[in-house]
Amino acid sequence: MYKWLMTGFAALFCAAIVVAAAPSPDDTGVMTITARYVKIPPAGIDDTAWQRVAPVQVPVAGRLEMADARGSVFTKALFTDDELYFLLSWEDPTCSTVKESWQYDGTRWVHLKGDEDRIALLFEIDRINQFSSKSCTVVCHSPADLPRNQWKLATRSPSEKGDLWHWKAARSSPYRHADDGWLTVAGNPSGSYRETGRRYDAGSGGDIKNETPDSSRPLYMQDPARQPSAPGFLLKEEAVPITDYSIFKAGDVIPYRLLVKPSGSRFDVKADSRHADGRWTVMLHRKFNTGHEDDVFFDVRKRFSFAIAVFDDTGGDHSKATRSLSLNFKR
């Protein structure tokens with residue numbers, strides 16, 4: 001299975017998202033992705049509008065012990081008068097959405113092994129020095145002689161700023177969006193990414209751990225009076241506290257991640273996804289101008305530097321990333 005290198009994209013691209021892997025040395029040069037104009041936006045993954053543009057086979061590669069991990073992300077882009085669309089497809093034999101779900105073994109609750117599949121895109125908001133030519137390596141700060149626990153996903157100065165789209169098979173897919181964040185210098189005041197430069201866009205979203213204070217078992221379950229809107233996942237608005245653990249039998253599974261409904265700028269990037277025939281296919285789309293300072297403004301008269309990273313059942317430093325990419329628009 002293919003895995004992507006991000007250290008959390010240096011602990012996600014560096015602790016759980018974003019683009020921490022570098023392209024292989026022979027993947028030189030900048031690849032161009034051309035977005036084609038359509039008057040009517042694609043309604044989904046299978047919309048015939050996608051037939052108007054040929055896919056670009058974008059190579060991805062791992063790094064260090066992942067150096068032999070290679071693959072491709074077949075990439076298409078369309079745009080309307082006010083919105084940009086990506087269709088991304090890559091090989092992944094398994095649909096990974098476990099994210100350490102709880103399972104009752106008849107005596108106690110244990111965590112299942114497994115994480116989730118992901119794909120992340122990083123764009124420049126304000127110019128990031130050398131990003132257009134060296135891709136994610138300039139924001140991951142991960143030279144070979146630096147211990148991995150010191151890798152950081154961050155820009156090197158406050159004047160540099162990136163826009164991060166992070167689609168997660170277990171935590172954002174149920175709400176049909178990609179978690180929208182941004183990148184600046186390292187040093188969050190609080191939160192799980194405090195050592196990196198990763199920030200969440202304004203608004204709510206994300207997930208919380210579904211566990212009791214002593215971390216021994218799940219705290220919430222699906223409300224039995226409600227039909228789950230995302231079977232196999234647990235949404236906060238559909239969850240109720242567990243008051244009687246005797247109702248569970250050996251083999252029962254409850255998600256470990258309680259998903260929080262996104263809102264505000266964090267919900268700007270919408271998504272549709274499907275895993276079939278050993279491949280993920282994900283459609284991402286967003287307005288050119290969201291009106292939010294934590295998002296890149298897409299001007300069809302300009303080119304935009306960006307990069308892609310993919311993760312196979314991991315939230316750590318196993319990923320594959322692309323060389324530098326350039327997005328342009330053509331009517």
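Select strand β4 together with strand β18 (residues 279–287): the two pair in the antiparallel sense over nine bridges. To see one of these pairings, pick Tyr-85, whose bridge partner in β18 is His-285. Keep in mind throughout that this is a predicted model.

**Strand β4 and its surroundings**

Now show β4 alone, residues 83–91. How many of the nine residues of this strand are buried? Eight of them are, so β4 is largely enclosed by the rest of the structure.

Add β3, which pairs with β4 in the antiparallel sense over seven bridges. Lys-76 is a good residue to label here, since in β4 it stands opposite Leu-87. Follow the chain from β3 into β4, and you pass through a hairpin of three residues. As background, strands of a sheet pair through backbone hydrogen bonds, either parallel or antiparallel.

**Strand β1 and its two partners**

Keep β3 (residues 70–79) on screen and add β1, which is joined to β3 by two bridges, running parallel. Select Arg-36, and then Leu-78 in β3, which stands opposite Arg-36.

Next add strand β21 (residues 325–330). Strand β1 (residues 31–37) pairs with β21 in the parallel sense, over six bridges. Which residue of β21 stands opposite Arg-36? Select Lys-330 to see the answer. Arg-36 therefore serves as a marker for both pairings, with Leu-78 in β3 and Lys-330 in β21, although the explanation of pairing itself is the general one: strands pair through backbone hydrogen bonds.**A sheet of three strands**

Move to the open sheet with the order β11-β16-β13, where the pairing is mixed. β11 (207–209) and β13 stand at the edges, each with a single partner strand, so one side of each has no neighbour in the sheet.

Select β13 with strand β16 (residues 257–259): two bridges join them, and they run parallel. Label Leu-235 and Leu-259, because Leu-259 in β16 is the bridge partner of Leu-235.

**Tyr-220 and Asp-223**

Select Tyr-220, which is found in strand β12. Is Tyr-220 buried or partly exposed? Its relative accessibility is 26%, so Tyr-220 counts as partly exposed. Leaving out residues up to four places away in sequence, Tyr-220 touches Asn-210, Leu-234, Ala-239, Val-240, Pro-241, Ile-242, Ile-254 and Leu-258. For a distance to check in the viewer, take the C-alpha atoms of Tyr-220 and Lys-236: these residues are 16 apart along the chain, and the atoms are separated by 8.8 Å.

Then go to Asp-223, in the loop between β12 (220–222) and β13 (234–235). Asp-223 is buried yet has no salt bridge. How far away is the nearest side chain of opposite charge? That side chain belongs to Arg-226, at 5.0 Å. The side chain of Asp-223 does reach the backbone nitrogen of Ala-225, at 2.9 Å. Setting aside neighbours within four places in sequence, Asp-223 is in contact with Glu-238, Ala-239 and Val-240.

**Three loop residues**

Select Ser-215, in the loop between β11 and β12. The phi angle of Ser-215 is near 60°, a positive value in a residue other than glycine. Ser-215 has a relative accessible area of 40%, which makes it partly exposed.

Arg-176 is next, in the loop between β8 (161–168) and β9. Phi is positive here too, near 55°, and again the residue is not a glycine. Is Arg-176 buried or exposed? Arg-176 counts as exposed, at 52% relative accessibility.

Last in this group is Gly-187, in the loop between β9 (177–183) and β10 (198–200). With a relative accessible area of 43%, Gly-187 is partly exposed. Draw a line from the C-alpha of Gly-187 to that of Ala-154: the residues are 33 apart in sequence, and the line spans 8.9 Å.

**Confidence**

To finish, colour the chain by pLDDT. The chain averages 85, and 79% of the residues score at least 70. Now select residues 1–27, where the pLDDT is below 50. Beyond near neighbours in sequence, this stretch has 163 contacts in the model. Where pLDDT is low, the predicted coordinates should not be read in detail.

Notes:
Residues are numbered from 1 along each chain as its sequence is written. This is a predicted model: local features need pLDDT of at least 70, side-chain atom pairs count only at pLDDT 80 or more; totals for chains, interfaces and linings use all residues. Side-chain values use heavy atoms; hydrogens and water are left out. pLDDT is the predictor's confidence in each residue, from 0 to 100. Contact means heavy atoms within 4.5 Å. Helices (H or I, at least four residues) and strands (E, at least two) are DSSP runs, numbered from the N terminus. Buried means under 20% relative accessible area, exposed over 50%, partly exposed in between (1.4 Å probe, protein chains only). Lys and Arg count as positive and Asp and Glu as negative; His and the chain ends are not counted. A salt bridge is a side-chain nitrogen of Lys or Arg within 4 Å of a carboxyl oxygen of Asp or Glu. A polar contact is a pair of N or O atoms within 3.5 Å; within protein, one must be able to donate a hydrogen and the other to accept it, and residues adjacent in sequence count only if both atoms are side-chain atoms. Two strands pair if DSSP finds at least two bridges between them.
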